[in-house]
Amino acid sequence: MPGHRPTRIDALLAAGTFVLVAAAVATHGGTTAQLVGGYLAAAGFGALPLLARRHPVPALAATAAGVVAYYMLDLAPVGLAAHTAAVLYVAADAGRVRAAAVMAAALLAASIGARLAEGDDPSIVLGVDLGSQAALMAAVLALGDAVRSRRALRAELARQAAAAADERRAEAARQVEAERLRIAREVHDTLGHAVSVVTLQSAVAQEALADDAKDDALTALAAIRAAGGSAMSELRATLGTLRRDTGPRHPDPGIGDLPALVDGVRGGGLPVELHVEGDLRALPAVVGTTAYRVVQEALTNVLRHARAGRAEVSVAVGRTLLSVDVIDDGRGPDPHSRHDEHGYGLRGMAERVTLLGGTVDAGPADTGGFRVHAELPLPGGPR
C-alpha cells in the first residue's frame with residue numbers, strides 16, 4: 001500500500017467529482033434549499049476521495065450513505081458513477097478492491113430496486129443503465145487495482161535490485177578479504193622462513209669469523225644469499241599479483257620442492273630427516289603447495305622457537321588423504337612469547353588447510369618436543 005497521504009491523482013479526482021456534481025446541481029436548478037444541499041453534497045463527495053487513501057472502508061461506507069441520502073432528498077440526478085467512481089478508484093488503489101466491489105454492487109442493486117419501484121421502464125433500467133453503470137464501476141475498480149499492482153511490482157523490482165547490489169558489494173568485500181588473507185599468508189610464509197634462516201646463519205657466520213673459520217663463514221653467507229634470493233623471487237611474484245602483472249609469474253613452490261627446503265634448513269645447522277611415502281607426482285598442485293607451506297611454517301617455528309636438536313618431516317600419500325607430520329625434539333613455541341611471533345603462522349597454516357577441507361593439529365608430541373600434523377583430502381576422497 002502507498003503512503004497514507006493523498007496523492008495528486010486523489011486531489012484531481014476529488015476536484016473532478018466536486019465539479020461534476022456541482023455542475024449537475026446548477027444545471028438541474030430547484031429551490032434555494034435544494035441548491036444549497038446539492039452544493040454541500042458536491043463538496044462532501046469531493047472530499048471523500050481525499051480520505052479514502054487513509055481510511056478506505058469508512059470512505060466507502062460514507063459514499064454509500066451519501067448516495068442514498070442524496071437521492072432521498074431528490075437532488076439533481078447524475079448517476080451512481082459520478083458520486084462513486086473516484087472513491088472506488090482510490091479504495092482499489094489502496095488495496096481494498098473487495099470492499100469497493102461490494103459497495104458498488106450494493107448501490108447498483110439498491111438503485112435498480114428503487115427505480116423499478118418508482119415505475120421506470122425495466123428494459124431501460126435493466127438494460128442500458130445497468131450495463132453502463134456496472135461497466136464503468138468495474139473499469140474504475142480494475143484501473144485502481146492495476147495501478148496498485150504495477151506500483152507493487154516496481155517496488156519489488158527495486159527491492160530485488162537493491163538486494164542484488166548489496167550482495168555484489170558483499171561478495172566483492174569477501175573476495176578482497178580472501179585475497180588479503182592469501183597475500184598475508186604468502187608474505188608471512190616467504191619472509192618468515194627466509195628471516196629465520198638469515199638470522200640463524202648470521203649467528204653461524206659471526207661465530208665462524210670470531211673463530212677465524214673462513215670456510216664456515218662463507219658457507220653461512222652463501223646460505224643467507226640463497227635464502228634472500230628465494231624470498232625475493234616469491235615476493236616479486238606476490239607483488240606481481242597485486243599489480244595485476246600479466247607477465248610470467250614464478251610458480252608457487254610445491255611438494256617436489258621439499259628436498260630443497262629441507263636442505264636449506266639443514267644448512268642452517270638443524271638436522272632434518274625427510275620421509276616420503278607414495279607417489280607425489282599425482283598430487284594436485286594446490287594440495288602440493290599447501291603441504292609445502294605447512295612444512296615450511298613448521299620448520300620455521302622450529303628454527304625460531306623450539307631450540308631443537310633435530311627434526312623429522314614425514315609425507316604420506318594415501319588413496320584419499322595426504323598426511324604431513326613435522327616433529328622436533330625441542331620445547332615448542334614459548335607460551336609466554338608475543339602472539340605475533342608464532343600465532344599468525346599457525347593461524348595461516350590452519351587457514352590454508354581448512355580451505356581445502358583438511359585438518360591440522362599442532363601441539364606437544366607424545367615423545368616430547370612439538371608436532372604438527374595435517375591431513376589434506378585428495379580428489380575422490382571424503383571431505
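Me: In what order do the 5 strands of the open sheet stand?
Reply: In this predicted model, the sheet is open and its pairing is mixed. Its 5 strands have the order 1-2-3-5-4.

Me: Which strands stand at the edges of the sheet, and what is the average twist from one strand to the next?
Reply: Strand 1 (272-277) and strand 4 (359-364) each have a single partner strand, so one side of each is left without a neighbour in the sheet. These two strands are therefore the edges. From one strand to the next, the twist averages 10°.

Me: Which helix packs on the sheet, and what angle does its direction make with that of strand 1?
Reply: The helix touches strand 1 and strand 2 (311-317). It is helix 8, residues 258-267. The angle between its direction and that of strand 1 is about 165°.

Me: How many bridges join strand 2 to strand 3, and which residue is the bridge partner of A311?
Reply: Strand 2 and strand 3 run antiparallel, and 7 bridges join them. A hairpin of 3 residues leads from strand 2 to strand 3. In strand 3, the partner of A311 is D328.

Me: Is strand 3 largely enclosed or left open by the rest of the structure?
Reply: Strand 3 consists of residues 321-328. Buried here means under 20% relative accessible area. Of its 8 residues, 6 are buried, so strand 3 is largely enclosed.

Me: Which residue of strand 5 stands opposite D325, and which is the bridge partner of D361?
Reply: Strand 3 is joined to strand 5 by 8 bridges, and the two run antiparallel. Strand 4 also runs antiparallel to strand 5 (residues 370-377), with 6 bridges between them. D325 stands opposite H373, and the bridge partner of D361 is H373.

Me: Which residue in the turn between strand 4 and strand 5 has a positive phi?
Reply: Strand 4 and strand 5 form a hairpin, and T359 has E375 in strand 5 as its bridge partner. There are 5 residues between the two strands. The residue in the turn with a positive phi, about 95°, is G368.

Me: What span should helix 3 have, and how far apart are its end C-alpha atoms?
Reply: Helix 3 (residues 56-72) has 17 residues, and at 1.5 Å a residue it should span 24 Å. The distance between its end C-alpha atoms agrees with this: 24 Å.

Me: Why are the buried residues of helix 3 on the same side, and which helices help to cover them?
Reply: The buried residues are P56, A59, L60, T63, A64, V67 and Y70. They cover an arc of only 140° around the axis, which puts them on the same side of helix 3. What covers them includes helix 1 (8-28), helix 2 (32-52), helix 4 (80-93) and helix 5 (97-117).

Me: Which residue with a positive phi follows helix 3?
Reply: The phi of this residue is near 60°. The residue that follows helix 3 is D74.

Me: How far apart are the end C-alpha atoms of residues 68-92?
Reply: An unreviewed UniProt entry annotates residues 68-92 as "transmembrane region". In the model, the span is 72% helix and 0% strand. Its end C-alpha atoms lie 22 Å apart.

Me: Is D145 buried, exposed or partly exposed, and which residues does it touch?
Reply: D145 lies in helix 6 (residues 122-210). Its relative accessible area is 24%, which means that D145 is partly exposed. The C-alpha atoms of D145 and A94 are separated by 8.2 Å, although the two residues are 51 residues apart along the chain. Not counting residues up to four places away in sequence, D145 touches A92 and V97.

Terms used:
Residues are numbered from 1 along each chain as its sequence is written. This is a predicted model: local features need pLDDT of at least 70, side-chain atom pairs count only at pLDDT 80 or more; totals for chains, interfaces and linings use all residues. Side-chain values use heavy atoms; hydrogens and water are left out. Two strands pair if DSSP finds at least two bridges between them. Helices (H or I, at least four residues) and strands (E, at least two) are DSSP runs, numbered from the N terminus. Axes are lines fitted to C-alpha atoms, for helices over the stretch in contact, and angles run from 0 to 180 degrees between N-to-C directions. Contact means heavy atoms within 4.5 Å. The expected span of a helix is 1.5 Å times one less than its number of residues. Buried means under 20% relative accessible area, exposed over 50%, partly exposed in between (1.4 Å probe, protein chains only). The arc is that of the directions from the helix axis to the C-beta atoms. UniProt positions are given in the numbering used here, feature names are shortened, and annotations may be inferred rather than shown by experiment.
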